[in-house]
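Here is a short note for a first look. Please read the points in order, with the structure open beside them.

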Amino acid sequence: MGLYIHIPFCAQKCPYCDFYSIPAAAAQMDAYCGALIDEIKTARRTSAFTQDGCKNRLVDTVYFGGGTPSVFGTERIAHVLQALREEYTLAPNAEITVECNPSCASAAFFEALAASGVNRVSLGLQSAIDAERRALGRIAGADEARSAVLHARQAGITNISLDLMLGIPRGNAATLRRSIDFSLSLGVPHISAYMLKIEEDTPFAKTAPTLGLPDDDAVSDMYLFLCDYLNANGLPQYEISNFAQPGFESRHNLKYWNCEEYLGLGPAAHSFVGNQRFFFARDIAGFLEGSPSLFDSPGGSFSEYAMLRLRLAAGLSESEVQDRFHHSIPPAMRHNATIFAEHGMLIADENGIRLTPQGFLLSNTIINTLLSQE
Ligand code: SF4
């Protein structure tokens, strides 16, 4: 099982973001740390949907996401990890990731993370061009990102991911290439690359027409370039938005796409355990008061599994479908797949069905069409 810990605090709100996060204040972060540890120890709010909060399961990945977990501070992260170790069985080689803002990234910060057992960090770079980062409301510059990578490595954390963003205001193919080259020059083994999406009720939603956003065709071309370029430079694509040297794929995130179990703690955190999906409301006050997690839906159906697996470059495997569901990939799905295959959107053969980078650009439409015909 994977464990996801949501840290809903940020130094400041980025104008495009609709993740659940609030301003970082020390007293509230202390209270939140206490509430997380209380939940870890008592499992009182998750045990309604699980067996004793899943404490009988082996945990082989832990992921601190947010928000900005690095503003939570290394001491609180260490306390949470200590509580996890006391209450759960952590695999000796568990992957333990913390998302970090490069502006938090002193040598002492990474040394403390490493001392608490963290062995993977994901750094929010977004762009190596400082003007682009400022347009996104980001504090740190590229130099801080470089220092963060060096300090993480010096502390012994070599499993490092950088986040890039496509479709940034006034961004173009040339600036994207500079950001990719910058990331490659740092030798990180993992890169995530997300397209900027204008979410409702964000400052960007109000100012979108004036932001100088590249159009959809330009962003699509950037995405296809990025896939080719990272592949040619030793980071093959393994998911729509993720690229890694072999062996450095995010083990935690693979649990989501492989439809494996994970328990999420904290406001807005989702869980999938025992074929049930449940979640905590986007409400830190409720979490601090002990509000229970809420039922979402049953999970783990073939449709859901196929939808998630088709996000992976490895796609939907015929043999794995047979092992898990005791039937083949449905003939109607295969029939529709051949139509997309003729247009280079996917590959369908005896091994299964997998989308190409061109297909990933239309993944929602393609996957919905495949599944509506099953
Ligand atoms: S740092 Fe991340 S989570 Fe926080 S506001 Fe910015 S994009 Fe959102």
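**Notes on strand 7 and the two domains**

1. Pairing after strand 7. Strand 7 and strand 8 (residues 190–195) run parallel and are joined by six bridges. One pair to find is Met165 with its bridge partner in strand 8, Tyr194. Between these strands the chain passes through helix 7 (residues 173–185), and this β-α-β crossover is right-handed. Keep in mind that the model is predicted.

2. Pairing before strand 7. Strand 6 (residues 120–126) also runs parallel to strand 7, and six bridges join them. Look for Arg120, which stands opposite Asn159 of strand 7.

3. Surroundings of strand 7. How many of the eight residues of strand 7 are buried? Seven of the eight are, so strand 7 (residues 159–166) is largely enclosed by the rest of the structure. The cut-off for a buried residue here is 20 or more other C-beta atoms within 10 Å of its own.

4. Domain layout. The protein is split into domain 1 (2–255) and domain 2 (318–374). Their centres, taken over C-alpha atoms, are 30 Å apart.

5. Contact between the domains. Which residues meet? Six from domain 1 are in contact with four from domain 2. On the domain 1 side, helix 9 (residues 216–232) gives the most, with four residues.

6. Character of that side. Sorted by class, the side of domain 1 that touches domain 2 has four nonpolar and two polar residues. Charged residues are absent from this side.

Methods:
Residues numbered from 1 in each chain as written. Predicted model: local features only at pLDDT ≥ 70, side-chain atom pairs only at ≥ 80, totals over all residues. Buried ≥ 20, exposed ≤ 12 C-beta atoms within 10 Å, placed from the backbone. Pairing = 2+ DSSP bridges. Right-handed = clockwise from strand over helix to strand, strands pointing away. Domains from an automatic or database assignment. Contact = placed C-beta atoms within 7 Å. Nonpolar A, V, L, I, M, F, W, Y, C, P; charged D, E, K, R; others polar.
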